[in-house]
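Please take a moment with the sequence and the model below before reading on. The paragraphs that follow move from one part of the chain to another and then out to the whole.

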Amino acid sequence: MVEVVLKANLETIEAQISELQSKKAQLESLLEDIYFQQRLAQKAVIAKNITVIGGAGKLGSLFVRVLTQLGHNVSVFETQDWPNAEALLTNQDCVIVSVPINLTLSLIEKVAQIISPDTVLADLTSIKVKPLQAMLSAHAGPVIGLHPMFGPDVADIEDQVIAYSEGRNTRACQWLLDDLSILNPTLYPVSAENHDKAMAFIQVMRHFSTFVYGVHLKDEDPCLRELIAMSSPIYRLELAMIGRLFAQDSQLYADIIFSNPDNFELLKRFQQRYQSGIELLESGNKELFKQSFADVNLWFGEFAEHFLEESRCLLEAAHQYRVK
């Protein structure tokens, strides 16, 4: 009897919590909309004519939505629109290229032959050196490279990072950055060269390591449900990241990983260090292992403790949303 009453009380409390959470989310949304309208009024956005090439794609459509929300006149340009390209692309204030990496360079050249000299030409590609060089070579007007460091499935761009690399006539491009800033992303300035060096670690090495581990799992063929059932939160999170990769477009990741052959040397050095790690295990030298461990800890410095705290939140979420 007591157990039944306790369960009923618990269900009532959980229902109340769920209702309060829903109300909280609604109030937060309303408040954020008020803040947004205030920022929009303070910035006094001047509506521009913007075309997003590839605007029907996942990332392109996100930027179509974002720029429309800011009050701009945004058009979508897709493959079937090329017969009318001159009419659609001439006299635009800004043209943003949002297409797969393997199509970006050739498309930039085509677009630059049509757009007006004072049009801001931008791209959303995950590499920056080659697209920026292509835009600077093909277009005499303002140029800027953008790289949204998030996927198209985000609800909004608040607190999301957008890296940008200056190309030409930064002042003429500034309105685009200023308008995006109204939505509170983190706009991170970086040279194209430094951007691509960082992406070798952030994207290429991470995605390739995940790819290889996925292939390894497939070839070893363990029972995936059993792994999930017995996994710790940290391994479950790792499995989630692997599964996430293989649930997406293979062409996208092929383009990212194959985009710069210079990155292959980094991957080869990682392979060499992995082999050195195996040799360390085989040697049984725990003291050397501990020394290497300490060296890496020293390299991370204060970030080690920061990441320890941050990972606790991620692991808690992984445990909460685990597949059963």
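Where in the chain is the place of D159? In this predicted model, D159 sits in the loop that runs between strand 5 (143-148) and strand 6 (161-168). Its phi angle is near 65°, which is a positive value in a residue other than glycine, and D159 is exposed, with a relative accessible area of 60%. A second residue of this kind is N169, where phi is near 50°, again a positive value in a residue other than glycine. N169 belongs to the loop between strand 6 and helix 6, and at 45% relative accessibility N169 counts as partly exposed.

Following the chain past N169 brings the reader to helix 6, which covers residues 170-181. At 1.5 Å a residue, its twelve residues should span 16 Å, and because the end C-alpha atoms are indeed 16 Å apart, the expected and the computed values agree. Several residues of helix 6 are buried, namely C173, W175, L176, L177, D179 and L180.

Among these, D179 of helix 6 deserves a closer look. Although D179 is buried, it has no salt bridge, and the nearest side chain of opposite charge, that of K48, is 7.2 Å away. A salt bridge would require a side-chain nitrogen of Lys or Arg within 4 Å of a carboxyl oxygen of Asp or Glu. What the side chain of D179 does make is a polar contact with the side chain of H72, at 2.8 Å. When residues up to four places away in sequence are not counted, D179 touches V45, L70 and H72.

Salt bridges are found elsewhere, and the structure holds seven of them. One of these joins D123 and K128, whose closest N and O atoms are 3.1 Å apart, and both D123 and K128 are buried. Another is formed by R244 with D153, the closest N and O atoms being 3.8 Å apart. R244 lies in helix 9 (residues 233-246), while D153 lies in the loop between strand 5 and strand 6, so this pair ties together parts that are 91 residues apart in sequence. As for accessibility, R244 counts as partly exposed at 39%, whereas D153 is exposed, with a relative accessible area of 56%.

A further salt bridge brings together the side chains of K290 and E287, at 3.5 Å from N to O. Both residues lie in helix 12 (residues 286-300), three residues apart, which is about one turn of the helix. An α-helix has 3.6 residues a turn, so residues three or four places apart point the same way. K290 is partly exposed, with a relative accessible area of 48%, and E287 counts as exposed at 53% relative accessibility.

With these details in place, the view can widen to the chain as a whole. Its secondary structure comes to 13 helices and seven strands, and along its principal axes the C-alpha trace spans about 70 × 60 × 40 Å. Of the 324 residues in the chain, 33% are buried. Among contacts between residues at least 6 apart in sequence, 69% join residues at least 24 apart. An unreviewed UniProt entry places the feature "domain: Prephenate/arogenate dehydrogenase" at residues 48-311. Over residues 48-311 the chain is 59% helix and 14% strand, and the end C-alpha atoms are 42 Å apart.

Terms used
Residues are numbered from 1 along each chain as its sequence is written. This is a predicted model: local features need pLDDT of at least 70, side-chain atom pairs count only at pLDDT 80 or more; totals for chains, interfaces and linings use all residues. Side-chain values use heavy atoms; hydrogens and water are left out. UniProt positions are given in the numbering used here, feature names are shortened, and annotations may be inferred rather than shown by experiment. Helices (H or I, at least four residues) and strands (E, at least two) are DSSP runs, numbered from the N terminus. The expected span of a helix is 1.5 Å times one less than its number of residues. Buried means under 20% relative accessible area, exposed over 50%, partly exposed in between (1.4 Å probe, protein chains only). Lys and Arg count as positive and Asp and Glu as negative; His and the chain ends are not counted. A polar contact is a pair of N or O atoms within 3.5 Å; within protein, one must be able to donate a hydrogen and the other to accept it, and residues adjacent in sequence count only if both atoms are side-chain atoms. Contact means heavy atoms within 4.5 Å.
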